[in-house]
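Please open the model in a viewer and keep the sequence panel at hand. The tour below proceeds from the whole chain to selected helices and then to selected residues.

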Amino acid sequence: MNYVWNDEDTLKAIKPLFDAYSQQFTVEKLEFYKKQLSDIPPYILMAAIQKVIDTLQFLPTIAEIRKAAHTMADYANHHAKPDWSVAWQKLEDEVRRIGSYGHPDFVDPYLITVIARIGWANICRTSD
């Protein structure tokens, strides 16, 4: 299915960027970002913008957003291995879900190796 998105879809996708960095935005800058990012599917753009908001202190450049969008598109298409922040989020989610007395169940061989080397209880203590 091919979905054609419009300017409104792109604006919805970049709205969190404006909310997070409103002091650095003008109407002209918002229009510029909308125009420059309009070729990226909104669901990918939303994920990319959330990623840059989580990791960058200052308003990201178009290039930084495009790089994050490329990474998100690779994840969506299962062409890329998750970066460390995705793995860390999975670890934190599992710590909250089962705690230090539970037994985590991961498929990712890197996470399994990290848990074996560091120890689940030690990982749980770092997440407090």
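Throughout this tour, two residues are said to touch, or to be in contact, when heavy atoms of theirs lie within 4.5 Å. The model is a predicted one.

**The whole chain**

Begin with a cartoon representation of the entire protein. Seven helices are present, and the number of strands is zero. Read from the N terminus, the order of elements is α-α-α-α-α-α-α. Next, colour by burial: of the 128 residues in the protein, 30% are buried. A surface representation shows an accessible area of about 8,900 Å², with carbon and sulfur atoms contributing 58% of that area. Should contacts be drawn as well, consider those with a sequence separation of 6 or more: 60% of them join residues 24 or more positions apart.

**Helices α1 and α2**

Select residues 7-20, helix α1, together with residues 27-37, helix α2. Their axes are 10 Å apart, and the packing angle is about 120°. The two helices are therefore oblique to each other. Their crossing is right-handed. To display the contact, show side chains for Asp-7, Thr-10, Leu-11, Ile-14 and Leu-17 on α1, and for Leu-30, Tyr-33, Lys-34 and Leu-37 on α2. Sorted by class, this contact of α1 with α2 comprises six nonpolar residues, one polar residue and two charged residues.

**Helices α1 and α3**

Keep α1 selected and add residues 42-55, helix α3. How do the axes of α1 and α3 cross, and within what distance do they come? The crossing angle is roughly 5°, and the axes come within 8 Å. On the angle criterion, under 35 degrees, α1 and α3 are therefore roughly parallel to each other. On the α1 side, the contact involves Asp-9, Thr-10, Lys-12, Ala-13, Ile-14, Pro-16, Leu-17 and Ala-20. On the α3 side, select Pro-42, Leu-45, Met-46, Ile-49, Val-52 and Ile-53. By class, the contact of α1 with α3 holds 11 nonpolar, one polar and two charged residues.

**Thr-10**

Centre the view on Thr-10, in helix α1. Is this residue buried or exposed? Thr-10 counts as buried because its relative accessibility is 0%. Thr-10 takes part in the contact of α1 with α2 and also in that of α1 with α3. Beyond its neighbours within four places in sequence, Thr-10 is in contact with Trp-5, Lys-34, Leu-37, Ser-38 and Leu-45.

**Lys-34**

From Thr-10, move to Lys-34, which lies in helix α2. With a relative accessible area of 11%, Lys-34 is buried, the cut-off being under 20%. Setting aside residues up to four places away in sequence, Lys-34 touches Asp-7, Thr-10, Leu-11 and Ile-14. Now draw a distance from the C-alpha atom of Lys-34 to that of Ile-62: the separation is 10.0 Å, for residues 28 apart along the chain.

**Ser-38**

Finish at Ser-38, located in the loop between α2 and α3. Its relative accessibility is 28%, so Ser-38 counts as partly exposed. Apart from residues up to four places away in sequence, Ser-38 touches Trp-5 and Thr-10. A last distance to draw joins the C-alpha atoms of Ser-38 and Asp-9, which are 8.7 Å apart with their positions 29 residues apart along the chain.

Key
Residues are numbered from 1 along each chain as its sequence is written. This is a predicted model: local features need pLDDT of at least 70, side-chain atom pairs count only at pLDDT 80 or more; totals for chains, interfaces and linings use all residues. Side-chain values use heavy atoms; hydrogens and water are left out. Helices (H or I, at least four residues) and strands (E, at least two) are DSSP runs, numbered from the N terminus. Buried means under 20% relative accessible area, exposed over 50%, partly exposed in between (1.4 Å probe, protein chains only). Accessible areas come from the Shrake-Rupley method with a 1.4 Å probe; for residues, only the protein chains shown count as cover. Axes are lines fitted to C-alpha atoms, for helices over the stretch in contact, and angles run from 0 to 180 degrees between N-to-C directions. Angles under 35 degrees count as roughly parallel, over 145 as roughly antiparallel, 65 to 115 as roughly perpendicular and the rest as oblique. A crossing is left-handed if the near helix is turned anticlockwise from the far one by less than a right angle, and right-handed if clockwise. Ala, Val, Leu, Ile, Met, Phe, Trp, Tyr, Cys and Pro count as nonpolar, Asp, Glu, Lys and Arg as charged, and the others, Gly among them, as polar.
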